[in-house]
Amino acid sequence: MPKQNYTAAEAARALGISLDTLRRWDRAGKVRVERDAANRRTVAASEVERLKGPETSEHLSARNRFRGVVRSVTVDGLLAQVEIDVTEPARVVAIITRDSAEQLGLKPGTGATGVVKATSVMVER
């Protein structure tokens, strides 16, 4: 039988966020939580599914897709700025020159930051 309720830690793990983020979302009203007899947060499975969004069967070659939950929408004239909290682990893949890799000393296990630069970012729902 599928799980009906998650502990706060289980819900955070399922959403790919930290427990602290789940607590902040609760205080901000972004996630509906309940309290158990010991006053601990519990999250309904349906709420976790709502935040994760629908599973898509689309298969695209693009790797720069970061699923998440809309944090804010700021409208100014004809434009709207949409900020999304990424809710699942993501992998960034970059093609760089050999010289750059050598100059940076890149090898498996070393820390690095992937910076995504794009002329456009699309939002899908």
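How many of the 125 residues of the chain count as buried? In this predicted model, the share that counts as buried is 18% of the 125 residues. The chain exposes about 10,400 Å², and carbon and sulfur atoms supply 52% of that area. Among the contacts with a separation of 6 or more, 37% are made by residues 24 or more positions apart. The chain holds 4 helices and 5 strands, and from the N terminus on the elements follow the order β-α-α-β-β-α-β-β-α.

Three of these elements are joined in a sheet. The sheet is open and is formed by 3 strands in the order β1-β3-β2, with antiparallel pairing. Strands β1 (5-7) and β2 stand at its edges with a single partner strand each, so that one side of each has no neighbour in the sheet. The pairing of β1 with β3 is antiparallel and extends over 3 bridges, with Thr 7 having Thr 42 of β3 as its bridge partner. Strands β2 and β3, which also run antiparallel, are joined by 2 bridges; here Arg 35 has Arg 41 of β3 as its bridge partner, while Glu 34 stands opposite Thr 42 in β3. Thr 42 is thus named in both pairings, as the partner of Thr 7 and as the residue opposite Glu 34.

The connection between β2 and β3 deserves separate mention. The loop between β2 (34-35) and β3 (41-44) contains Asn 39, and the hairpin formed by these strands has 5 residues between them. Most residues other than glycine have a negative phi. Asn 39, by contrast, is a residue other than glycine with a positive phi, near 65°.

Strand β3 is covered on both faces, since Arg 41 and Val 43 on one side and Thr 42 and Ala 44 on the other are all buried. This division of the four residues fits a general pattern: in a regular strand the side chains alternate between the two faces of the sheet. Two helices are found against this part of the structure. Helix α1 (residues 8-15) lies across β1 and β3 and runs at about 100° to β1, whereas helix α3 (residues 45-52) packs on the sheet, touching β1 and β3, with a direction that makes about 70° with that of β3.

Two buried residues illustrate how helices α2 and α3 meet other parts of the chain. Asp 26, which is placed in helix α2 (residues 19-28), has a relative accessible area of 19% and therefore counts as buried, the cut-off being under 20%. Residues up to four places away in sequence being left out, Asp 26 touches Val 31, Val 33, Arg 35 and Arg 41; of these contacts, Arg 35 and Arg 41 are also bridge partners of each other, with Arg 41 in β3. Leu 51, located in helix α3, is likewise buried, with a relative accessible area of 5%. Beyond its neighbours within four places in sequence, Leu 51 is in contact with Leu 15, Trp 25, Lys 30, Val 31, Gly 68 and Val 69. Between Leu 51 and Lys 30, which are 21 residues apart along the chain, the C-alpha separation is 9.2 Å.

Strands β4 and β5 are considered next, together with the surface to which they contribute. Glu 83 lies in strand β5 and is partly exposed, with a relative accessible area of 34%. Not counting residues up to four places away in sequence, Glu 83 touches Val 69, Val 70, Arg 71 and Ser 72. Glu 83 and Val 70 are 13 residues apart in sequence, and their C-alpha atoms are 5.9 Å apart in space.

Val 70 is also one of the residues of a nonpolar surface patch of about 490 Å², which is made by Val 70, Val 73, Val 75, Val 82, Ile 84 and Val 123. Two elements, β4 (68-76) and β5 (79-86), give two or more residues each to this patch, and β4 supplies the largest share, with 3 residues. Val 123 is placed in the segment after α4 (98-104) and has a relative accessible area of 53%, which means that Val 123 counts as exposed, the cut-off being over 50%.

Definitions and conventions. Residues are numbered from 1 along each chain as its sequence is written. This is a predicted model: local features need pLDDT of at least 70, side-chain atom pairs count only at pLDDT 80 or more; totals for chains, interfaces and linings use all residues. Side-chain values use heavy atoms; hydrogens and water are left out. Patches are made of residues with over 30% relative accessible area and no salt bridge: like charges are joined within 9 Å, nonpolar side chains (Val, Leu, Ile, Met, Phe, Trp, Tyr) within 5 Å. Accessible areas come from the Shrake-Rupley method with a 1.4 Å probe; for residues, only the protein chains shown count as cover. A salt bridge is a side-chain nitrogen of Lys or Arg within 4 Å of a carboxyl oxygen of Asp or Glu. Buried means under 20% relative accessible area, exposed over 50%, partly exposed in between (1.4 Å probe, protein chains only). Two strands pair if DSSP finds at least two bridges between them. Contact means heavy atoms within 4.5 Å. Axes are lines fitted to C-alpha atoms, for helices over the stretch in contact, and angles run from 0 to 180 degrees between N-to-C directions.
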